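This briefing covers one structure in short grouped points. The sequence and the coordinates come first.

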Amino acid sequence: MTDDLRARVSELMPRVRGELADLVAIPSVADPRQFPPEECARAAKWVVEAFRELGFDDIGLHETADGSNAVVGSRAATDPDAPTVLLYAHYDVQPPLDDDAWRTPPFELTEVDGRWFGRGAADCKGNILMHLTALRALGDDVPVHLKLVVEGSEEQGTGGLEDFVPRHADLLRADTILVCDTGNAAVGAPAVTVSLRGMVNVVVHVEALPTELHSGMFGGPTPDGLAALVQMLASLRDAGGNTTVTGLDHAQTWEGAPYDPASFRSDALLAEGESLLGSGSVSDMLWARPALTILGIDCPPVVGSTAAIVPRASARLNLRIPPGTGPEEALAALTDHLTTAAPWGVTVTVETEATGSPFRAATDGPAYDAMLGAMRDAYGVGAVLLGQGGSIPLCNVFADTYPGAEIVLMGVEEPLALIHAPNESVDPGEIERLATAEAMFLQRYRRS
Ligand SMILES: [Zn+2]
């Protein structure tokens, strides 16, 4: 049976390439300022038709609060008591960004050295093809109820589907949700992502003086807004590069599979001689501990600056927080830290921009068992549990709306895919092996 499935998926790969090329050719960037909305409509229609052909008879478009359309459909199993699996992906893509940085045309699927290049080839159109291929390989032999949601504005961060899910909880309710918008740690090494960091974004403003003062006449005894900000920001890291927000736990360790430091160095494009930061391992620093990044600073630019004490300055900060730390707790800690670290009695205000909760999947249910077994059989090596440094707010919405559901994050977006960057690509072998694993999972999964 396993070998049959593998063979059927393999026979489907030429079709995968053709259809992924069709889908990548549609520039479905969900930002009307950059691409006409008709492109997203074409991509949505493509998805509707592909899944309707597979027996999702009720499939159609559902408008969400941000104006984007989610493709939603379902297909019943013969056994009414069978469990329900919800398949997730998104059909919108990131803009190509710097056209000149692409070595191949961004919206033309092009093979180079065995990888298929194109915007969305991995994120997330490759995952749509993975779902289609798994279902085609299974044919009518799917013993679970299926639901499908393919959203149309994931890359915009406008939260259309996040708003839609709790309002239409019954429509998408499932025992297991396959959130297919992540990837393995490396090609050929299967993994499920079980931990995501949350985040807190703030803008901190410092005001020391009502106006600029000549640095010759006043420099020395006078408080300096920019110097105060620099001192505050410096206090957020220690000499070893650890984030040191007072009150947050900076010593947690990661218990899943480690991120190999050599791979990380190469994935992060570090130069030889550059240090990896922090007192923990790469996985500790990335998945189990808070990490503060200074996103931007408002102060006089070098060109046009004069010999004056800078009265005020601002910085935009992004604090990533691991599971176990709530965003309210992290926001309070960061605000206190900045206020306490401010020198010389300068005035500090902290403006909250956005917060998001971290996520940790429960991995002790029957869906995890079935998926880890299916991945092992499809790849010939055991699957590992990974963290991810970023956030996927939809996972928290799924977890809150369906507290009993198992949530499995997986997909074809391994590090070489360079998602969101120029020269995005997918390894067709990953689509093939993951479609095989998904098909095996759908055959084997039972409620315990
Ligand atoms: Zn994505």
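Leaving aside residues up to four places away in sequence, Thr211 touches Pro311 and Arg312. The model is predicted, and the points below take up Thr211, a zinc site and a pocket in turn.

**Thr211**
- Thr211 sits in the loop between strand 9 (198-207) and strand 10 (213-214).
- With a relative accessible area of 41%, Thr211 is partly exposed, because that class runs from 20% to 50%.
- From Thr211 to His250 the separation is 39 residues in sequence and 39 Å in space, C-alpha to C-alpha.

**Zinc site**
- The zinc ion has protein donors from His90 (NE2), Asp123 (OD) and Asp181, the last listed with OD twice, at 1.9 to 2.6 Å.
- Along the chain, the spacing of these donors is H-x32-D-x57-D.
- His90 belongs to strand 3 (residues 84-90) and Asp181 to the loop between strand 7 (176-180) and strand 8 (191-196), so the pair ties together parts 91 residues apart in sequence.
- The site is irregular, with angles of 54 to 151° among its four donor atoms; the range fails the tetrahedral test because that test needs all angles between 85 and 135 degrees.
- His90 and Asp181 are both buried.

**Second largest pocket**
- The second largest pocket holds about 410 Å³ of space.
- It is lined by 21 residues, of which Arg237, Phe264, Leu277, Met285 and Leu286 are the closest to its centre.
- At least two lining residues come from each of helix 9 (282-288), strand 11 (291-298) and strand 13 (312-321).
- The lining of this pocket comprises 11 nonpolar, seven polar and three charged residues.

How values were computed: Residues are numbered from 1 along each chain as its sequence is written. This is a predicted model: local features need pLDDT of at least 70, side-chain atom pairs count only at pLDDT 80 or more; totals for chains, interfaces and linings use all residues. Side-chain values use heavy atoms; hydrogens and water are left out. Donors are N, O and S atoms within 2.8 Å of the metal (3.2 Å for Na, K and Ca); water is not among the atoms, so sites may look incomplete. Four donors count as tetrahedral if all angles lie between 85 and 135 degrees; four count as square planar and six as octahedral if opposite donors are over 155 degrees apart and all others between 65 and 115; anything else is irregular. Helices (H or I, at least four residues) and strands (E, at least two) are DSSP runs, numbered from the N terminus. Buried means under 20% relative accessible area, exposed over 50%, partly exposed in between (1.4 Å probe, protein chains only). On a 1 Å grid over the protein atoms alone, a cavity is a set of points where a 1.4 Å probe fits but cannot get out, and a pocket is an open set with protein on both sides within 12 Å along at least five of seven lines; lining residues have an atom within 4 Å of a point. Grid points are joined across faces, edges and corners, and a volume is the space filled by probe spheres set on the points. Ala, Val, Leu, Ile, Met, Phe, Trp, Tyr, Cys and Pro count as nonpolar, Asp, Glu, Lys and Arg as charged, and the others, Gly among them, as polar. Contact means heavy atoms within 4.5 Å.
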